[in-house]
Amino acid sequence: MDDDLPTDFQVIVVGTGMVESIVAAACSRIGKNVLHLDSSDHYGGLWASYNFDGLQKFIKEVNENPKRQVQVYNLAEKWYIEKELPQEENKEGEEKAEDAKPEPPKKLWSQTNFASEYRKFNIDMTPKLLFSRGPLVELLISSNIARYAEFRCVTRVLTWLNDRLMPVPCSRADVFATEAVGIVEKRQLMKMLTSIVGYNEEEMQNEFKDWNEKSFKEYLTHKGLTPNLIHYVLFAIAGGTNNMPCLEGVKECKKFLMSLGRYGNTPFLWPMYGSGELPQCFCRLCAVFGGVYCLNRPIDKVETKTIDEGKTVVTIESKSKTLNCDHLVIGINECPKDLISPEPAEGCDISKAVFITNGTIMKSEKEPLTLLRFPPITDDDNAVTVLEVGPATGSCPKGLFVVYFITNKVKDAESDLLPIAEKIFDMSGGDQSAESEKPKCLWSLFYNVKDTSAPVDSMNDSVHVCSGPDAGLDFDRAVEQAEQIFKKICPGEEFLPRAPDPEEIVFEDDVTHGPEFQREHEEEAEGDAPK
């Protein structure tokens with residue numbers, strides 16, 4: 001491939017994160033000549049999904065060579081199960097399985113079991129949901145990229161109230177069916193939510209102009225909502241904290257409410273096989289329209305030079321080959337520091353954790369797909385987003401659940417998230433077959449990620465730097481930045497127009513031509529011709 005790789009492209013994209021992949025697809029779709037490189041042997045970068053073996057390699061790489069993954073630190077992995085199951089336990093489990101046919105016992109897991117079923121895991125580095133009427137869903141539909149992906153609806157939204165997990169009433173039917181709030185409270189809640197949905201942007205600005213310096217909690221209290229209702233609206237629907245600005249809280253509530261009812265009982269969708277599938281969907285479209293892909297291709301050097309008539313060309317040294325392009329789109333973690341504007345970007349690093357458990361955090365008749373918005377425990381803490389996915393999403397083997405925790409960093413990932421994990425999991429590592437109110441944690445991983453989500457300016461107009469993932473619940477910032485970069489590269493062009501389905505594409509060589517049209521006098525002349 002090295003020998004055959006052309007040297008001149010209109011756009012070269014370095015990194016296969018979400019923003020980079022959307023830009024690559026958009027440029028290729030309108031006919032730009034695109035080369036897409038990645039220094040890793042897989043797609044996604046920090047947006048990737050790993051099987052369990054791939055995740056173990058990632059952990060080993062971070063621990064042994066931190067310079068390869070400078071954005072990930074404070075990584076702490078822990079097992080709560082034995083390396084091998086004792087032989088007696090195995091036999092006992094088999095005997096039980098024969099006797100109790102209606103309800104087979106829970107499978108007992110060991111580290112060896114995890115290793116043998118590693119392909120059944122898809123564990124996300126950046127787990128996110130899609131609002132069903134959010135920018136990414138609309139883009140996937142309008143561009144026809146949705147055909148490359150599958151989704152499942154989030155089945156329930158939970159919150160932590162009165163020291164226990166509680167379901168959040170999402171729809172009108174839920175509000176009137178729930179026993180967690182009284183009749184008067186139900187009417188108050190419906191009136192509040194209905195008024196928020198009815199505001200357009202201008203009305204919202206006018207309505208809340210006197211609340212610019214006040215918190216959303218103060219506004220809800222002013223409206224006479226009870227502490228119970230304030231908890232539901234502030235923490236569970238808006239996903240905020242006690243200090244959340246009023247207008248931001250209203251906008252988050254409206255975003256939540258506007259996405260209700262499109263695909264399910266909650267506003268959210270989860271990509272099958274993990275969020276790491278989505279960058280690959282955009283890469284696939286880029287390749288369909290002629291984009292060239294090279295993984296395992298690190299870049300050694302980036303320079304810009306001015307040629308004839310003042311035109312700037314970006315040159316890239318990669319594996320002893322010089323590549324030239326009009327525009328370079330590059331992930332912030334791959335970008336040489338001398339190309340980034342020296343202005344410091346404000347940001348708070350992210351604390352994350354992944355847990356693998358032997359049951360769901362709150363029992364349900366069918367396998368749930370859960371969003372839990374955990375309110376701050378103290379005033380100094382941040383709210384924590386918890387996502388629980390099961391085997392039906394292609395995330396783990398049958399009998400297990402994968403649970404993600406995400407919050408803004410205060411101390412470090414373990415200090416920030418372990419107190420919450422201990423409230424909803426059994427972290428003792430005891431007998432897996434013993435009855436427990438909480439699911440048993442079998443494995444955990446805590447880590448911090450540097451926040452590189454703030455927009456970054458380049459020192460050169462031909463170099464476009466893509467931000468990394470943020471701590472937010474959705475992909476909105478990634479879509480917004482990708483569109484901004486595309487418009488700089490291709491001003492006036494449509495951003496990701498609809499791609500045709502395969503059956504709509506007709507190649508000239510495949511067409512069976514019919515008889516040519518002939519006028520009447522030509523046919524008569526042919527009829528009179530001697531035979």
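This briefing describes selected features of the structure above, grouped by topic.

The model is predicted, and the values given below were computed from it. A search of the whole structure finds 15 salt bridges, and the structure also holds 24 aromatic pairs. The points below take up a small open sheet of 3 strands, helix H12 at residues 277–288, a selection of charged and aromatic contacts including the salt bridge between Glu-117 and Lys-107, and two residues other than glycine with positive phi, Asn-162 and Ser-320.

**A three-stranded sheet**

- Three strands make up an open sheet with antiparallel pairing, and their order across the sheet is S6-S10-S7.
- Strand S6 (130–131) and strand S7 (151–153) each have a single partner strand and stand at the edges, so one side of each has no neighbour in the sheet.
- The antiparallel pairing between S7 and strand S10, which covers residues 268–271, runs over 3 bridges, and within this part of the sheet Phe-151 has Pro-271 of S10 as its bridge partner.

**Helix H12 and the residue after it**

- Helix H12 is made of 12 residues, 277–288, and its span from the first C-alpha to the last is 17 Å, which is close to the 16 Å expected at 1.5 Å a residue.
- The buried residues of this helix are Leu-278, Pro-279, Cys-281, Phe-282, Cys-283, Leu-285 and Cys-286, a list that includes three cysteines.
- Just after H12 comes Gly-290, whose phi is positive at about 105 degrees.

**Salt bridges**

- Glu-117 and Lys-107 form a salt bridge in which the closest N and O atoms are 2.7 Å apart.
- Glu-117 lies in the loop between helix H4 (111–116) and strand S5 (123–124), while Lys-107 lies in the loop between helix H3 (87–99) and H4, so this pair ties together parts that are 10 residues apart in sequence.
- The two partners fall into separate accessibility classes, because Glu-117 is buried with a relative accessible area of 14%, whereas Lys-107, at 42% relative accessibility, counts as partly exposed.
- Lys-301 forms a salt bridge with Glu-303, with 3.1 Å between the closest N and O atoms; here Lys-301 counts as partly exposed at 43% relative accessibility, and Glu-303 likewise counts as partly exposed at 38%.
- In the salt bridge between Arg-477 and Asp-470, the closest N and O atoms are 3.7 Å apart; Arg-477 is partly exposed, at 43% relative accessibility, while Asp-470 is buried, at 13%.
- Elsewhere among the salt bridges, shared partners join Glu-252, Lys-255, Asp-474 and Asp-476 into one network.

**Aromatic contacts**

- Among the 24 aromatic pairs of the structure is that of Phe-208 and Tyr-219, whose ring centres are 4.9 Å apart and whose planes stand at 65 degrees, so the pair is edge-to-face.
- This pair links distant parts of the chain, 11 residues apart, with Phe-208 placed in the loop between helix H8 (201–207) and helix H9 (216–222) and Tyr-219 placed in helix H9.
- Both Phe-208 and Tyr-219 are buried.
- One aromatic cluster is formed by Phe-52, Trp-79, Trp-109, Phe-114, Phe-121 and Trp-443.

**Charges over rings**

- Lys-107, already described as the salt-bridge partner of Glu-117, also has its charged end over the ring of Trp-109, at 4.2 Å from the ring centre, and Trp-109 is itself one of the members of the aromatic cluster.
- Lys-214 lies over the face of Trp-211, and the distance to the ring centre is 4.9 Å.

**Positive phi outside glycine**

- Asn-162 has a phi near 55 degrees, a positive value in a residue that is not glycine, and its place is in the loop between strand S8 (156–161) and strand S9 (164–167).
- With 65% relative accessibility, Asn-162 counts as exposed.
- Ser-320, which is likewise not a glycine, has a positive phi of about 65 degrees and is found in the loop between strand S13 (312–318) and strand S14 (321–331).
- The relative accessible area of Ser-320 is 79%, so this residue is exposed.

Definitions and conventions
Residues numbered from 1 in each chain as written. Predicted model: local features only at pLDDT ≥ 70, side-chain atom pairs only at ≥ 80, totals over all residues. Heavy atoms only, no water. Pairing = 2+ DSSP bridges. Helix = DSSP H or I, 4+ residues; strand = E, 2+ residues; numbered from the N terminus. Expected span 1.5 Å × (residues − 1). Buried < 20%, exposed > 50% of the residue type's maximum accessible area, 1.4 Å probe, protein only. Salt bridge = Lys/Arg side-chain N within 4 Å of Asp/Glu carboxyl O. Phe/Tyr/Trp six-rings, centres within 6.5 Å; stacked < 30°, edge-to-face > 60°. Lys NZ or Arg CZ within 6 Å of the ring centre and 35° of its normal.
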